[in-house]
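Take a look at the sequence and the structure below. This report then walks through a few of its parts, one at a time.

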Amino acid sequence: MQMSHNRWLMATAICGAVVIQLVLSGFVTAAEQNEKKPAREETWNVIYLSGHRIGYGQSVVENLQQDGVAIVRTSAKVHMRLKRFDQTLVINQLQMTEETAAGELRMFRLEETNPPAKPKITSGVVEGNQLTLTTEVNGKATKVTRPWKKEVKSPTYQDRLIKDNPMKPGEIRTFDVFFPEFAQVGKVTLKGQQYEDTKLLDNTTQKLFKVSCTHTLMPGVPTDSYLDKDGETVKVSTSVLGSAMESFLVSQTEALKVIQGAELDLSLSTVVKVQPILKVHDTKRAVYRITITGQDPSLIIPAGDTQSIKKLDKETAELTVVSLPIPATAKVGQVAGEFLESSQYLQRDDERVKRHANQAAGDATDPAEIARRMEKYVQRKLDRKNFSTAMASAAEVAQSLEGDCTEHSVLLAAMLRAKGIPSRVAVGMVYSDQLFAFVGHMWTEVSLDGKWIPLDATLGHGGIGAIHIKLADSSLTDNGPPALSSFLPLMQVIGKLKIDVVKSE
């Protein structure tokens, strides 16, 4: 397998979401403990991952009056610079929220810039009991209206809460928060811990009060904030992709210093080493023993047409994966309309996507043969392997003809839909015979004869063997969870996952 097959998509999208949470979890101090609130406050922080400096964050909080109502406006900027397979990955995110003093969300806007893909923008406005949500991908916007509950808080509410009302050891607070990066509501739980000797950026130690934060959208990713005696958050830490991510309160000058030394390369730091598997692409059946520290694998790894899982104990399960070859002939599966419709990531009606679909299908009319030809076409056509983009849409890929496994997957899925063949994307891990390890990956599935048949346009072997372990799938519909949600199971297990190959046939 070439190195380009080892797509590590989670290291970009998830890092961005967690860093936004880091910036907004502790470094926003919108209110003092007294009655008087400053009109404007600005804080800066520096971000480290696995001991490597990867970027900085800036937060600006303004206390305003709008129509006689006290409003808190928060702007948080994040800049990150990393490497994947020795290619530079740059992500910039800007999130702005407006809320009442009680934490009631009024509006938000989240913009992510990750060249060469076009900016991705999510924004929302709350009016009464409705949220109008607008998402923009590849320059095209989609708007939906959702029911809204007044008690749902802004994503920055928790920071002002622990500033205005300091927590005590053992105290627990819970409330619902809207998370713009997921475009969903999650339940946040804060727990006051104890004062701990905490190592800071300058290697000094300070006794700080620890507050742990968890939320239901990312249950396996707790965030710890460390507060000084005045309630100022000095440090925030969490675990990302099995590595420690830390953020420290610093001056603007310190935050904006140029990253020194080699940039952190995430591509090889998150692999799961296993004993060698022979003739990987010919495997018909494989049995793996899966261990996830602190978690039940049978609750994380889904069963489906290609895999079954059996719980052995609270942290171990036996996973059986079988190959499901593309049939010689087939009929299109009868599935929900979301697997056929055009969406912001799978633009089946885009002219370039349709042109590629027609060129790939040629004179074929049988859905199975079309799928087989399309898989090979995308593998051959995307000959420029680009690891600098988190996740482009099919329309962008159809134009640029570059990318890694996410770009191969979305283009193939959109092309299938352009021919009326249901498709979805799958997220999980694939075995690399260069690394003797499982690595993060994304591929496509097509519905034929009532089964979801896997296709991997990154590999282009005419289907796959039993070396793909699926953790999630998605239709990438505009009416469902955002694309980021599909990657959460992968994020939950990296750094905690052990795979033993019991048998491969």
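## A loop serine

Ser486 sits in the loop that runs between β22 (468-474) and α9 (488-493). The model is a predicted one. Is Ser486 buried or exposed? Its relative accessible area is 9%. Buried means under 20%, so Ser486 is buried.

What does Ser486 touch? Leaving aside residues up to four places away in sequence, Ser486 touches Val427, Ala472, Asp473 and Ser474.

## Helix α6

Helix α6 covers residues 367-381. That is 15 residues, and at 1.5 Å a residue they should span 21 Å. The end C-alpha atoms of α6 are 20 Å apart, so the model agrees with the expected span. At the N-terminal end, Asp366 acts as a cap. One of its side-chain oxygens lies 2.9 Å from the backbone nitrogen of Ala368.

Which residues of α6 are buried? They are Pro367, Ala368, Ile370, Ala371, Met374, Glu375, Tyr377 and Val378. An α-helix has 3.6 residues a turn, so residues three or four places apart point the same way. The buried residues of α6 pack against two helices, α5 (351-361) and α8 (405-418). They also pack against the strands β20 (437-448) and β21 (451-455).

## The hairpin of β20 and β21

β20 and β21 pair in the antiparallel sense, over 5 bridges. Thr444 stands opposite Leu455 in β21. The hairpin has 2 residues between its strands. In this hairpin, Asp449 takes a positive phi near 50 degrees. β21 is mostly covered, with 4 of its 5 residues buried.

## A four-stranded sheet

Now to a sheet. Its 4 strands run in the order β17-β18-β16-β23, and the sheet is open. The pairing is antiparallel. Which strands form the edges? They are β17 (307-313) and β23 (497-504), and each pairs on one side only. From one strand to the next, the twist averages 20 degrees.

Strand β16 (residues 285-292) pairs with β23 over 7 bridges, in the antiparallel sense. Ala286 stands opposite Ser504 in β23. Strands of a sheet pair through backbone hydrogen bonds.

## Cysteines

How many disulfides does a search of the whole structure find? The count is 0. Two cysteines can still be placed by how covered they are. Cys213 has a relative accessible area of 5%, so Cys213 is buried. Cys405 is buried too, with a value of 0%.

Definitions and conventions: Residues are numbered from 1 along each chain as its sequence is written. This is a predicted model: local features need pLDDT of at least 70, side-chain atom pairs count only at pLDDT 80 or more; totals for chains, interfaces and linings use all residues. Side-chain values use heavy atoms; hydrogens and water are left out. Two strands pair if DSSP finds at least two bridges between them. Axes are lines fitted to C-alpha atoms, for helices over the stretch in contact, and angles run from 0 to 180 degrees between N-to-C directions. A disulfide is a pair of cysteine sulfur atoms within 2.5 Å. Buried means under 20% relative accessible area, exposed over 50%, partly exposed in between (1.4 Å probe, protein chains only). The expected span of a helix is 1.5 Å times one less than its number of residues. Contact means heavy atoms within 4.5 Å. A polar contact is a pair of N or O atoms within 3.5 Å; within protein, one must be able to donate a hydrogen and the other to accept it, and residues adjacent in sequence count only if both atoms are side-chain atoms.
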